[in-house]
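Q: Hey, I'm new to this one. Could you walk me through some of the side-chain contacts?

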Amino acid sequence: MAGVQVSNVSRSFGAHKALDDVSIDFADGGFYALLGPSGSGKTTLLRQIAGFDFPDTGRISIGGESVERVPVEKRRIGMVFQNYALFPNMSVADNVAFGLSVRGEAKAMIAAEVQRALDLVQLGKLGGRRPHQLSGGQRQRVALARAIVTKPRVLLLDEPLGALDKALRVDMQIELKRIQREIGITTIFVTHDQEEALTMSDRIGILRDGRLVQEGPPEEIYDRPKSEFAATFLGDANIFRGDSTGNGIRLPDGTAIAAGAGDRLAAGAKASCAVRPERIRIGIDAGALDGDANMLKGQVSKRIFAGNNSTYFVERAGQTLKVIVQNTGADRLAEGQDVVLRWSPESTVLIATS
Amino acid sequence: MAAQSATASCSGLRSALPLLAPAYLWLTVAIFLPLSAMVFFSFMTDLPLTGKPWAFTLGNYAAFFSQSLYLTLLLASLRLGLEVTLWCIVIGYPAAYVLAKVLKGRSREAIFLLVILPFWSNGLVRIFSWAMVLREGGILDTALNAVLPFKINIDLMYSYPAVIIGLVHSYVPYMVLTCYLTLQAIDDSLIEAGRSLGASRLQVLKRVIIPLSMPGLVAGAALIFVPVVGSFMEPRILGGRTGTFYGTVIEDQFVAVFNWPLGAALSFILLAVVLVILALASPVLRRAA
């Protein structure tokens with residue numbers, strides 16, 4: 001096991017900058033998600049760490065050893081591919097045994113390790129099958145067993161659950177997390193699914209256009225996004241744009257929005273405020289929603305009922321705001337209704353706009 | 001239940017008939033009838049066309065076994081087929097690999113075209129071009145002597161290597177095409193998966209790529225081996241006196257000696273031998289594939 005350090009890594013393909021000065025520290029034993037839209041460079045970064053491709057500039061080290069020019073087969077990593085990439089000409093057991101057998105390990109040792117790995121992914125009895133006789137979830141498990149049986153220093157997963165259906169994906173998320181905890185391996189996985197990133201990882205790195213936008217624990221990124229992109233890509237957010245008042249912003253129509261005590265920006269600069277939809281309270285008159293400093297008036301344009309909650313779309317000064325209300329049994333608001341929105345400064349994040 | 005499925009497959013056949021008919025009609029007229037005539041000829045003492053009296057005989061087949069020459073020539077032809085097939089694998093497989101896995105886009109199309117080109121040129125022209133290259137004072141001889149500081153004599157014409165060169169040139173595209181198709185179907189992520197598990201490029205080639213492309217190698221080998229064993233044009237033109245093989249002897253029976261019955265009998269013996277070889281090899285090849 002080992003941590004991974006990526007320092008100032010850049011990689012261009014022709015004129016396209018796939019990675020632009022990216023630095024991330026993946027601590028030993030952690031579970032990391034690299035999150036970003038397609039073309040953000042997350043897969044390119046994973047391939048640099050794996051060793052399929054080398055950075056133009058920058059350093060990559062695994063367990064303190066500099067590896068940026070070491071080819072993949074010498075890096076001692078384990079990788080799970082999006083399409084599983086199981087060898088169709090081999091049985092499940094031979095697939096899992098591959099990494100040990102190319103190393104020239106003894107047959108008895110290989111058989112024992114393969115069985116252990118298959119047991120770990122709960123496929124102990126399917127060693128004799130061929131990959132095409134397995135379901136998608138089972139193939140995923142075989143790919144995982146194959147990647148960890150060699151005791152790699154790092155486990156890399158490239159959209160590992162992308163090809164599975166929703167219910168199976170949730171099962172596999174839990175399963176993957178369990179196995180990762182059990183063997184304690186540093187794990188880096190690439191995904192474009194924000195929910196997956198939030199629920200599975202200890203830390204998330206958000207990438208956009210080849211740059212690292214923000215990195216930290218899921219709670220921190222969700223609660224304290226540092227950019228509009230981070231705020232809207234990880235979860236939903238209402239974004240207000242205006243001029244900074246130092247500890248908040250003033251909207252073009254003069255309404256002030258106060259941010260949390262810790263947020264400070266030079267007054268007068270362009271800035272925005274992000275508020276999560278579930279942090280906003282909605283009601284018919286302001287009195288019933290007493291207490292919170294931030295208040296706006298608007299009109300409900302649409303309501304989407306989702307059982308445990310309802311999402312209200314509220315029109316205000318040409319902007320559509322989103323409010324999520326838990327189903328507590330209270331009266332639901334009708335479309336067309338004039339409403340008041342209130343939320344606390346602590347629920348507001350002040351973001352500098354460049 | 002069985003009757004039901006029988007009628008179902010029967011009606012399936014009926015609706016497929018218009019689609020099958022042209023192919024089978026053509027095969028009947030163009031191959032089955034002439035071949036049947038040849039089978040008939042091979043059991044005759046003489047051709048009825050010559051006007052001489054004729055009778056049925058097994059003598060033509062007996063001739064093969066009574067003279068060791070035919071067996072020697074057949075073995076030589078089988079060896080030729082094996083050697084040409086091996087050279088086609090050695091030359092064609094790496095080319096197919098580069099085409100399928102290394103080159104992309106326009107350069108792939110261009111190189112592909114160059115591989116296919118021998119197919120589009122006339123076979124006889126191809127062989128006589130080689131004759132110009134290989135003979136003493138030919139293109140190869142002149143070119144090498146122009147470059148090398150010492151004098152050498154290259155005269156490959158009318159030799160066994162010349163026959164091999166001509167045949168490999170004619171047949172290597174089959175190997176490139178069949179291997180290209182199977183190699184292209186191998187997902188790149190399989191190669192990457194192999195390497196991520198610590199396998200060197202050579203180990204990945206040996207344990208993943210070659211096993212997965214085996215169907216293409218086998219198909220290519222069958223497509224090359226069978227016609228090369230019976231080939232006569234390249235051996236005759238490029239091999240001269242050394243180019244006497246089983247195929248040239250069959251050709252002689254038809255165009256020089258006019259002993260069609262013997263030629264036909266020798267052809268069917270070759271067909272039988274080739275079928276036996278393919279049948280014996282098929283379990284091994286199927287396991288490999």
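**Salt bridges and other contacts**

A: Happy to. Counting over all chains gives 29 salt bridges. Keep in mind that this is a predicted model.

Q: Okay, let's take Lys151(A). Which residue does Lys151(A) form a salt bridge with?

A: The partner is Glu113(A), and the closest N and O atoms are 3.0 Å apart.

Q: And where do the two sit in chain A?

A: Lys151(A) is in the loop between α4 (136–148) and β7 (154–158), while Glu113(A) is in helix α3 (residues 107–120). They are 38 residues apart in sequence, so the bridge ties together separate parts of the chain.

Q: Is Lys151(A) buried or exposed? What about Glu113(A), buried or exposed?

A: Lys151(A) counts as exposed, because its relative accessibility is 52% and the cut-off for exposed is over 50%. Glu113(A) has a relative accessible area of 16%, so this end of the bridge is buried.

Q: Nice. What joins Lys166(A) and Glu195(A)?

A: Their side chains meet in a salt bridge, at 3.7 Å from N to O. That pair also links distant parts of the chain: Lys166(A) belongs to helix α5 (residues 166–183) of chain A and Glu195(A) to helix α6 (residues 194–200) of chain A, 29 residues apart. Glu195(A) has 47% relative accessibility, so it counts as partly exposed.

Q: Let's hop to chain B. What does Asp252(B) form a salt bridge with?

A: With Arg236(B), where the closest N and O atoms are 2.9 Å apart. Here Asp252(B) is in helix α11 and Arg236(B) in helix α10 (residues 233–239), both of chain B, with their positions 16 residues apart in the count.

Q: How accessible is Asp252(B), and how accessible is Arg236(B)?

A: Asp252(B) is at 26% relative accessibility, which makes it partly exposed. Arg236(B) is partly exposed too, with a relative accessible area of 34%.

Q: Back to chain A for a sec. Which residues are linked in a network of salt bridges?

A: Arg141(A), Glu175(A), Arg178(A) and Glu182(A) make up that network.

Q: New topic: rings. How many aromatic pairs are there over all chains?

A: The count is 18 aromatic pairs. One of them is Phe64(B) with Tyr246(B), an edge-to-face pair with 6.2 Å centre to centre and 85° between the planes. Phe64(B) lies in helix α2 (residues 59–66) and Tyr246(B) in helix α11 (residues 246–255) of chain B, so far along the chain that 182 residues separate them.

Q: Are those two rings buried or exposed?

A: Phe64(B) and Tyr246(B) are both buried. They also belong to a cluster linked by ring pairs, together with Phe65(B) and Tyr70(B).

Q: What sits over the ring of Phe87(A)?

A: The charged end of Arg146(A) does, 4.7 Å from the ring centre. In another case, Arg276(A) lies over the face of Tyr222(A), at 3.8 Å from the ring centre.

Q: Which residues form the nonpolar patch on the surface?

A: Leu13(B), Leu17(B), Leu20(B), Tyr24(B), Trp26(B), Leu27(B), Ile31(B) and Leu35(B), with about 820 Å² of accessible area together. Leu17(B), for one, is in helix α1 (residues 2–42) of chain B, and it counts as partly exposed at 48% relative accessibility.

Q: Last one: what joins the side chains of Asp20(A) and Arg211(A)?

A: A polar contact of 3.2 Å. Asp20(A) lies in strand β2 (residues 16–26) of chain A and counts as buried, at 15% relative accessibility.

Technical notes:
Residues are numbered from 1 along each chain as its sequence is written. Chains are lettered from A and ligands numbered from 1 in the order in which they are written. This is a predicted model: local features need pLDDT of at least 70, side-chain atom pairs count only at pLDDT 80 or more; totals for chains, interfaces and linings use all residues. Side-chain values use heavy atoms; hydrogens and water are left out. Rings of Phe, Tyr and Trp (its six-membered ring) pair if their centres lie within 6.5 Å; planes under 30 degrees apart count as stacked, over 60 as edge-to-face and the rest as tilted. Helices (H or I, at least four residues) and strands (E, at least two) are DSSP runs, numbered from the N terminus. Buried means under 20% relative accessible area, exposed over 50%, partly exposed in between (1.4 Å probe, protein chains only). A charge sits over a ring if NZ of Lys or CZ of Arg is within 6 Å of the ring centre and within 35 degrees of the ring normal. Patches are made of residues with over 30% relative accessible area and no salt bridge: like charges are joined within 9 Å, nonpolar side chains (Val, Leu, Ile, Met, Phe, Trp, Tyr) within 5 Å. Accessible areas come from the Shrake-Rupley method with a 1.4 Å probe; for residues, only the protein chains shown count as cover. A salt bridge is a side-chain nitrogen of Lys or Arg within 4 Å of a carboxyl oxygen of Asp or Glu. A polar contact is a pair of N or O atoms within 3.5 Å; within protein, one must be able to donate a hydrogen and the other to accept it, and residues adjacent in sequence count only if both atoms are side-chain atoms.
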